[in-house]
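Open the model in your viewer and keep the selection tool to hand. Each stop below says what to pick and what you will find there.

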Amino acid sequence: MLRYRYLFEQMVRRELRQKYKGSALGVLWYLINPLVLMGAYALVFSVLLRVADIPDYPLFLLVGLIVWVFFAQALLAAAPSLVQNAALVRKVRFPREAIPASVATVQMVTFLVMLAVATPVALAVRGTLEPELLLLVPVVALLFCFVLGLSLAVSVLHAHYRDVEPVLAAALLPWFFVTPIFLRVEELPGVADRDWLANLLQWANPIAPFVDAVRQVLYAGTAPGLGHLAYIAVAGVLALGGGILLFRRMGRDLAVML
Amino acid sequence: MSAGLAPGEIVLDKATRTFRIRRDRSRTLKELVVRRGFGATHASVQALREVSLRIAPGEAVGMVGRNGAGKSSTLACLAGIVPLDSGRAQCGGRVITLLELGAGFGPDFSGRENIFLNGALHGFGREQIEQRMDEIVAFSELGEFIDLPVKTYSSGMFLRLGFSIAAHLEADVMLIDEILAVGDESFQRKCFTRIAQRMEAGATLVLVSHDPGAIERVCRRVVVLDGGQVAFDGEVTEGLLHYHRLLGTEGGASRSSRPTGSGSALEVTELELLDADGRPRSAYRPGEALAVRMRLRARSEVVRAVAALEVRSELGELCFRTDTVIGTVEGEIEVSFEVPRLALLEGSYDVAVGAHTQDPPPGGLLDRLTRLVVSAAEGGEGIADLRGSWTVAGRRSHEEALR
């Protein structure tokens, strides 16, 4: 496996190149996208609907959005990745995991760039620097494990059943709306006196605790609770382990079926 | 992967692989749900049936067979791309596959960057690739194109780059499928020279090809596959003859596997091509006279014997076939087929002959094979010279037409 570390590096470079080819702004587009979303949602929820009574609301939105955009883009790009690289899979022997993993890693790189932009902004807005910020490292690492595991799973599933990608694309929009990105779960007017609904929204959706954890560290400067951290640790490890197992199991005959 | 095998050693042990054929290459969830209910049945094809082979380090083995005989499947299994259902397929040491040129090239990458990517795909690290970089670039003859994106390349440039990479990375085993047939003559020669060098350095080669010429050039051993099984394994000229016989029995899989001289009543002991002066020669110009001379031997008296002759192109297409009753044969007899003016045009051809009693043994029509090379000539292209002449209405001669 170590032998292929260099391959992985090369595949990531190839993905990056293909992603930004022929666009003048290149990687900037991936920063502009969440910024535009941030502006639009801030306008709607804070100015027009006035449901969001949160200080520095655009920053609050931005932190949630970059986590979501990373998650959604990585899965959408990973799902068709094996099929798109069918020629390679049929003709060369190498660890097939490298394909979806490199796609997810490219999204991770974009995410890290956005994080690098958002972090100083958050610190400047808050005006303080707490040691809790260090928690960002394990939280982001676990988020990457989580996304990588799911990317492996959706890519190999899509190779078997070609409607995985459209199903995923259709599911991501409602998923986005039930993920606490606009407001924290407890601040949603509809769940005020319904604890079960709050718990459901907070814990049944595995990406929600990741969004919340990154936001707590970056936006609020506070540490997530131990239970919360334990949840994302388990989610990250389970997703990655499950993704690898599924890929091994279903990926055996990829060269024949693609 | 290479447990117990010396670098360059290849072992196939009862390798078996079946492919299921689906109507549609992709499945959908709906199909899955619907099919479950009816108990899906798939047609299946046995690509490999208990194939066992052992190839020693440094050997060059050609693999031939008709379409669908299992050549490419064998290579894919050896390369570890396609897993076996049962049995074992292993290569010792580092393996480089050339199943498709330019597989995995990033179109937006320059030639140089693709050398790194391709090397990495085969498990090589940056330093190993950098060491070889200059040789690869020089061999590919790409010049300054090496730093342009490969999407701007012609197919010939693609081929040269792909081969250069594969031929310069230090692999113990090279698995090559068909691709040597492309490219111009001078580059092909360079490829063969390079392959020979790699083999002198101890690398093992398995070459799949439809082109007996290419196989003869590099390989001393030939494996003929038919119907997913090894139909022949041995010396190259005999192997190519066997392959030729297979081509002669379209549809009748492996029926013609009669080994030469295994007690048939009548056999061809000698086969020669003779020029107008009666000297043996294998290269001719179109229009020359030649004779196909064969010596037959009958073990006992054979009445109503038949001699047959067949000419095929390098790709195995039948160009000409004839046979004749030669009457009673006792002991040895010489039979010739005289060609006053050779009507074949430039190319390499297989001339196969055989002899049998009037009820031919199934498939085993042809006994001996020789190679006929025809050089280039003016006046036409293709495989056959139709010996026609042009006329233009109202003009008496070609010279007049030119005036």
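Start with chain B and colour it by secondary structure. Nine helices and 17 strands should appear. Keep in mind throughout that this is a predicted model.

Stay on chain B and shade its residues by burial. Of its 403 residues, 39% are buried. Next, draw the contacts within chain B. Among those between residues at least 6 apart in sequence, 75% link residues at least 24 apart.

**Confidence**

Recolour chain B by pLDDT. The average is 81, and 84% of the residues score at least 70. Now select residues 250–263 of chain B. Here pLDDT stays under 50. The model still gives this stretch 21 contacts beyond four places in sequence. Where pLDDT is low, predicted coordinates should not be read in detail. For the complex, the predictor reports an ipTM of 0.77 and a pTM of 0.75.

**The two domains of chain B**

Select residues 10–244 of chain B for domain 1, then 260–374 for domain 2; these bounds follow the domain assignment. Show where the domains meet. Seven residues of domain 1 of chain B contact 10 residues of domain 2 of chain B. Which helices supply at least two residues each to the domain 1 side? Pick α7 (212–218) and α8 (236–247) of chain B: each does so. The largest share of that side comes from α8(B), with three residues. Colour the domain 1 side by class. You will find three nonpolar residues, three polar and one charged.

**Chain A**

Hide chain B and show chain A. Chain A has 12 helices and zero strands. Trace the chain from its start: the pattern along the sequence is helix after helix, α-α-α-α-α-α-α-α-α-α-α-α. Turn on a bounding box along the principal axes. The C-alpha atoms of chain A fill roughly 55 × 45 × 35 Å. A compact globule of 258 residues would have a radius of gyration near 18 Å, and the 19 Å of chain A agrees with that.

Shade chain A by burial as well. Buried residues account for 42% of its 258 residues. Then draw its contacts with a separation of 6 or more. Residues 24 or more positions apart make up 79% of them.

**Where the chains touch**

Bring chain B back and select the contact between the chains. How many residues does each chain put in? Chain B gives 27 residues and chain A gives 24. On the chain B side, highlight α1 (29–38) and α3 (111–121), which each supply at least two residues. The largest share of that side, four residues, belongs to α3(B). Colour the chain B side by class: 15 residues are nonpolar, eight polar and four charged.

**The largest nonpolar core**

Finish inside. In soluble globular proteins, nonpolar side chains tend to be buried together. Select the largest nonpolar core, which has 177 residues. Then label A:Val147, B:Leu175 and B:Leu205, the residues with the most contacts inside this core. Domain 1 (10–244) and domain 2 (260–374) of chain B both contribute residues, so the core lies between them.

Centre the view on B:Leu205 and leave out residues up to four places away in sequence. B:Leu205 then touches B:Ala60 and B:Val61. Also in contact with B:Leu205 are B:Met174, B:Ile176, B:Ile195, B:Met199 and B:Val218.

Key: Residues are numbered from 1 along each chain as its sequence is written. Chains are lettered from A and ligands numbered from 1 in the order in which they are written. This is a predicted model: local features need pLDDT of at least 70, side-chain atom pairs count only at pLDDT 80 or more; totals for chains, interfaces and linings use all residues. pLDDT is the predictor's confidence in each residue, from 0 to 100. Two residues are in contact if their C-beta atoms, placed from the backbone, lie within 7 Å. Ala, Val, Leu, Ile, Met, Phe, Trp, Tyr, Cys and Pro count as nonpolar, Asp, Glu, Lys and Arg as charged, and the others, Gly among them, as polar. A nonpolar core is a set of buried Ala, Val, Leu, Ile, Met, Phe, Trp, Tyr and Cys residues joined through C-beta atoms within 7 Å. A residue is buried if 20 or more other C-beta atoms lie within 10 Å of its own, exposed if 12 or fewer, and partly exposed in between; C-beta atoms are placed from the backbone. Domain bounds come from an automatic or database domain assignment. The radius of gyration is taken over C-alpha atoms; the globule rule is 2.2 Å times the number of residues to the power 0.38.
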